[in-house]
Amino acid sequence: MDTFELHRGTLPLLVSLPHDGSAIPDDLAARMTPAARRAPDTDWYVSRLYAFAREMGASVLVPKYSRYVVDLNRPSDDTSLYPGQNTTGLCPAVRFNGEPVYLDGQAPSAAEIGERTGHYWRPYHDALRA
């Protein structure tokens, strides 16, 4: 299963769009609240906004999946980007407005977060490094 698209350009420039993805696997969506299934924290249309970069020859890395699956803009150890502030995590259990992403008792376990990190986060970051 492809988790991102890498459009290879001709310039030595890579544009990463970590929150552009919106897909949520059916098995995850079934565990989410109705509001979270709509993925309201998605950065909608960012790839359209940065279409000029691809047109000018930049490489563009675009995820397929929502930040609710895994937030590609977070460190893999889930260290807070903004200690003391309201933030979401690597596999968010709450939305930015503080409402839950998952139905009661359905949040991902540490093991599931590890699986998502390996399946979604790691390949994206490997592509960034490459």
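Reading from the N terminus, the elements of this chain follow the order β-β-α-α-α-α-β-α. That comes to five helices and three strands. The chain's radius of gyration is 15 Å, close to the 14 Å that the globule rule gives for 130 residues, so the chain is as compact as a globular protein of that length. Keep in mind that what you're looking at is a predicted model.

Let's stay with the whole chain for a moment. Along the principal axes, its C-alpha atoms fill a box of roughly 50 × 35 × 25 Å. Buried residues account for 42% of the 130 residues. If you take the contacts between residues at least 6 apart in sequence, 73% of them join residues at least 24 apart. On the outside, the accessible surface is about 7400 Å², and carbon and sulfur atoms hold 52% of that. As for charge, the chain has 13 positive and 16 negative charges, and the mean positions of the two sets are 2 Å apart.

Now find strand S3, residues 59–63. How is S3 joined to the other strands? Strand S1 (residues 4–7) runs antiparallel to S3, with four bridges between them. In this pairing, Glu5 sits opposite Val62 of S3. Strand S2 (residues 14–16) also pairs with S3, but in the parallel sense, over three bridges. Here Val15 is the residue that stands opposite Val60 of S3.

Look at the side chains of S3 next. In a regular strand, side chains alternate between the two faces of the sheet. In S3, Ser59, Leu61 and Pro63 point one way, while Val60 and Val62 point the other way. Are these residues buried or exposed? All of them are buried. With five of its five residues buried, S3 is largely enclosed by the rest of the structure.

From S3 you can hop over to the other end of the chain. Leu128 belongs to helix H5, which spans residues 110–129. Leu128 and Leu61 are 67 residues apart along the chain, yet their C-alpha atoms are separated by 7.8 Å. Which residues does Leu128 touch, leaving aside its neighbours within four places in sequence? The answer is Leu14, Ser16 and Leu61. Even with those contacts, Leu128 has 30% relative accessibility, so it counts as partly exposed.

Another residue to pick out in H5 is Tyr120. Its relative accessible area is 11%, and the cut-off for buried is under 20%, so Tyr120 counts as buried. Measure off the path from Tyr120 to Ala130 and you get 10 residues in sequence and 16 Å in space, C-alpha to C-alpha.

Finally, visit the loop between helix H2 (34–37) and helix H3 (46–49), where you'll find Ala39. Tyr45 is in the loop between H2 and H3 too. What is the sign of phi in Ala39? Ala39 has a positive phi of about 50 degrees, although it is not a glycine. Tyr45 isn't a glycine either, and its phi is positive as well, near 65 degrees. When it comes to burial, Ala39 has 1% relative accessibility, so it counts as buried. Tyr45, on the other hand, has a relative accessible area of 52% and is exposed.

Definitions and conventions:
Residues are numbered from 1 along each chain as its sequence is written. This is a predicted model: local features need pLDDT of at least 70, side-chain atom pairs count only at pLDDT 80 or more; totals for chains, interfaces and linings use all residues. Side-chain values use heavy atoms; hydrogens and water are left out. Buried means under 20% relative accessible area, exposed over 50%, partly exposed in between (1.4 Å probe, protein chains only). Helices (H or I, at least four residues) and strands (E, at least two) are DSSP runs, numbered from the N terminus. Two strands pair if DSSP finds at least two bridges between them. The radius of gyration is taken over C-alpha atoms; the globule rule is 2.2 Å times the number of residues to the power 0.38. Contact means heavy atoms within 4.5 Å. Accessible areas come from the Shrake-Rupley method with a 1.4 Å probe; for residues, only the protein chains shown count as cover. Lys and Arg count as positive and Asp and Glu as negative; His and the chain ends are not counted. The place of a charge is taken as NZ of Lys, CZ of Arg, CG of Asp or CD of Glu.
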